[in-house]
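Me: I'd like to learn how to read a model like this one. Could you walk me through it?

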Amino acid sequence: MTDEKQPEKPEEQKQPASESQPKPSEETKPVTPAPAAKPAVSSAAQKTSPPQQPGVSRRKFISWFAIGWIGFSAAMAGFLTSVLRFFFPNVLFEPPMTFKAGIPSEFQIGQVDERFKNKFGVWMVRSPEGIYALSTVCTHLGCTPTWLPGEEKFKCPCHGSGFYKTGINFEGPAPRPLERYRISLADDGQVLVDKGKIYQQEKGEWKDPQSILKV
Ligand code: FES
């Protein structure tokens with residue numbers, strides 16, 4: 001038996017770790033994707049496309065142009081409006097100061113007629129003494145009272161003043177009675193009311209024969 005020992009091979013020289021490891025610059029280098037292929041642009045398009053301006057783009061230019069045009073139009077509209085207002089000054093159309101209220105027999109004794117309230121600001125009232133035209137303006141601060149037939153009084157919604165059918169104030173802050181207007185009979189037999197002349201009870205003017213139409 002030959003038990004020859006094989007001569008041990010000399011151990012391969014171990015390489016230092018730094019040499020056996022792959023250099024980061026060689027293997028760990030990140031792989032960058034290849035840039036996407038640019039769409040092919042025809043040479044003709046390249047020729048016709050305008051060169052990019054470094055300053056204001058076309059879209060911005062159009063926006064500024066539109067804003068400028070709108071501003072110019074608004075200024076012109078304002079100018080034209082002032083010119084028109086110069087040629088057509090403000091005219092206040094007020095209801096006429098006099099109006100005909102119909103014939104006396106249309107008014108019933110004891111009733112308050114509200115037909116002329118909205119248009120002329122007048123209540124027509126007939127009492128046993130005659131017909132009188134009562135103002136619908138509250139003597140406190142000028143609100144329009146409401147006629148309450150059930151309570152036989154005018155009630156102001158603003159601060160609660162109350163007036164009798166005669167116009168005399170009896171509750172709330174109103175300092176004096178409602179005013180009356182001149183009333184007469186027109187040539188055609190109709191009741192004529194003239195708001196150009198008022199009669200105030202506190203001044204004793206309700207005694208004036210033109211403050212009430214005796215019919
Ligand atoms: S305005 Fe009529 S009570 Fe004040």
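Reply: We'll start with confidence and then go through the sheets.

Me: Before I trust any of it, what is the average pLDDT of the protein?

Reply: Bear in mind that this is a predicted model. The protein averages a pLDDT of 81, and 72% of the residues score at least 70.

Me: Which stretches have pLDDT under 50?

Reply: Here's the general idea: where pLDDT is low, don't read the predicted coordinates in detail. In this case, residues 1-29 stay under 50, and the model gives them two contacts beyond four places in sequence. Residues 36-45 are also below 50, with one contact in the model beyond near neighbours in sequence.

Me: Okay, on to the fold. How many helices and strands does the protein have?

Reply: The secondary structure comes to five helices and ten strands. Of the 215 residues, 17% count as buried. If you look at contacts with a separation of 6 or more, 42% of them are between residues 24 or more positions apart.

Me: How do I read a sheet, and what is the order of the six strands in the open sheet?

Reply: In general, strands of a sheet pair through backbone hydrogen bonds, either parallel or antiparallel. Here the pairing is antiparallel and the order is β1-β10-β9-β4-β3-β2. The edge strands, β1 (98-100) and β2 (112-113), each pair on one side only.

Me: Say I start from β1. Over how many bridges does β1 pair with β10?

Reply: Three, in the antiparallel sense, with β10 covering residues 191-199. To find the spot, look for Lys100, which stands opposite Leu192 in β10.

Me: And what do β9 and β10 form?

Reply: A hairpin, with five residues between the two strands. Gly189 sits in the turn and has a positive phi of about 90 degrees. Six bridges join β9 and β10 in the antiparallel sense, and one place to check is Arg180, whose bridge partner in β10 is Tyr199.

Me: Which strand pairs with β9 over two bridges?

Reply: That's β4 (residues 130-135), antiparallel to β9 (residues 180-185). Ala133 stands opposite Tyr181 there.

Me: What is the order of the open sheet of four strands?

Reply: β5-β6-β7-β8, again with antiparallel pairing. Its edges are β5 (146-148) and β8 (169-171), each paired on one side only. From one strand to the next, the twist averages 35 degrees.

Me: Where does Gly162 fit in?

Reply: Gly162 stands opposite Glu171 in β8. Two bridges join β7 (residues 162-164) to β8, and these strands run antiparallel.

Notes:
Residues numbered from 1 in each chain as written. Predicted model: local features only at pLDDT ≥ 70, side-chain atom pairs only at ≥ 80, totals over all residues. Pairing = 2+ DSSP bridges. pLDDT = per-residue confidence, 0-100. Contact = placed C-beta atoms within 7 Å. Buried ≥ 20, exposed ≤ 12 C-beta atoms within 10 Å, placed from the backbone. Axes fitted to C-alpha atoms, helices over the stretch in contact; angles between N-to-C directions.
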